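I opened this notebook to record, step by step, what I looked up in the model and what I found there. The entries follow the order in which I went through the coordinates.

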Amino acid sequence: GGLGWAQVAAVDKLEEIRDLVVRLRPSAQLEIEVLQAGREPIDGAAVTARPRFEPLGQPYGDYNSRLGDDPWVLETFTARSAASGIARCVRLPIDDDPIHAAFGFLYRIEVQAPGRRPAFFSLELYPVRPTRIQVLLDPLVPVILTGAVATRDGSPIEGAMIREKRHNQGILTDEQGRYTMNLEAPDQLSL
């Protein structure tokens, strides 16, 4: 099996489409070996391959386009690493249409595992040969964030909510307006 698509113009009161041709696209294979610092494999890492070409994905802007809920589609674009650390996506569609030549082979790859800093990168895939890469996931380092919330005149504010947006984790300030939060080390922090 494969994946194909066809574009259909939106027409008011369309009742029937005849002779629609859907051409199955060639597919590429991606094999990612997910490792931790000592080169030990990581079991259960989530790998997502997001197409960067239309109509399946966005070549510009939001790279996190939704893949849908269909199990067959999700199975096509996602994988989990085995005990060996290997995750395989074996039928990733390639858009070989010359109109999309600039992006037709491009994917955004996401590799995530609990307690590890995720990896995100772009990769060109080709149907001629499987693409094999290694990804090293660093451990997340906990960060202790402390501070205080006060009014303009310096009076402490008790009960103010301090929330870290990425994990929706929050804490209230104490009677002196102080707070302490234990967080995973982010690339950037939004409060």
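**Entry 1: the β4-β7 pairing**

I began with a single backbone pair and noted that R50 has R108 as its bridge partner in β7. The model is a predicted one, and I keep that in mind for every value below. Looking at the strands around this pair, I found that β4, residues 46-51, and β7, residues 106-112, are joined antiparallel over 6 bridges. I then followed the sheet outwards and wrote down an open sheet of 4 strands in the order β5-β4-β7-β8, with antiparallel pairing. Its edges are β5 (78-80) and β8 (119-124), each of which pairs on one side only. On average, and with direction ignored, neighbouring strands of this sheet are turned by 20 degrees against each other.

**Entry 2: the chain as a whole**

I next stepped back to the overall layout, and counted 1 helix and 13 strands in the protein chain. Read from the N terminus, the elements run β-β-β-β-α-β-β-β-β-β-β-β-β-β. Of the 191 residues in the chain, 32% are buried. I also looked up how far apart in sequence the contacting residues lie: among contacts between residues at least 6 apart, 56% join residues at least 24 apart. The chain exposes about 12100 Å², and carbon and sulfur atoms supply 50% of that area.

**Entry 3: the sheet around β3**

I turned to the sheet that contains β3, which is an open sheet of 3 strands in the order β6-β3-β9, with mixed pairing. Here β6 (86-93) and β9 (131-136) are the edge strands, each pairing on one side only. From one strand to the next, the twist averages 20 degrees. For the pairing of β3 (residues 27-35) with β6, I noted 6 bridges and an antiparallel run. One position I checked in that pairing is A28, whose bridge partner in β6 is L92.

**Entry 4: V34**

Is V34 in strand β3 buried or exposed? I found it buried, because its relative accessible area is 0%, and the cut-off for that class is under 20%. I then listed what V34 touches, leaving aside residues up to four places away in sequence, and obtained E40, P41, I42, A45, V47, S81, G85, V111, V135 and L137. I also looked at S84, which lies 50 residues from V34 along the chain, and the C-alpha atoms of the two are separated by 8.6 Å.

**Entry 5: salt bridges**

I went through the charged side chains and arrived at a count of 5 salt bridges. One of them is between R18 and E16, with an N to O distance of 2.6 Å, and both of these residues are exposed.

The entry that held my attention was E31, for which I recorded two partners by name, R88 and R132. In the salt bridge of R88 with E31, the closest N and O atoms are 3.0 Å apart. This pair links distant parts of the chain, since R88 is in strand β6 and E31 in strand β3, 57 residues apart. The side chains of R132 and E31 also meet in a salt bridge, at 3.5 Å from N to O. Because R132 lies in strand β9 and E31 in strand β3, this second pair ties together parts that are 101 residues apart in sequence. Salt bridges with shared partners therefore join E31, R88 and R132 into one network.

I then compared how accessible the three residues are. E31 is buried, with a relative accessible area of 16%, whereas R88 counts as exposed at 51%, and R132 is exposed at 56%. The cut-off for exposed is over 50%.

**Entry 6: a nonpolar patch**

Last, I looked for nonpolar side chains at the surface, and found a patch of about 520 Å² made by V8, V11, L14, I17, L20 and V22. Which loop holds V8? I placed V8 in the loop between β1 (4-5) and β2 (23-24). V8 is classed as partly exposed, because its relative accessible area is 46%.

Key:
Residues are numbered from 1 along each chain as its sequence is written. This is a predicted model: local features need pLDDT of at least 70, side-chain atom pairs count only at pLDDT 80 or more; totals for chains, interfaces and linings use all residues. Side-chain values use heavy atoms; hydrogens and water are left out. Patches are made of residues with over 30% relative accessible area and no salt bridge: like charges are joined within 9 Å, nonpolar side chains (Val, Leu, Ile, Met, Phe, Trp, Tyr) within 5 Å. Accessible areas come from the Shrake-Rupley method with a 1.4 Å probe; for residues, only the protein chains shown count as cover. A salt bridge is a side-chain nitrogen of Lys or Arg within 4 Å of a carboxyl oxygen of Asp or Glu. Helices (H or I, at least four residues) and strands (E, at least two) are DSSP runs, numbered from the N terminus. Buried means under 20% relative accessible area, exposed over 50%, partly exposed in between (1.4 Å probe, protein chains only). Contact means heavy atoms within 4.5 Å. Two strands pair if DSSP finds at least two bridges between them. Axes are lines fitted to C-alpha atoms, for helices over the stretch in contact, and angles run from 0 to 180 degrees between N-to-C directions.
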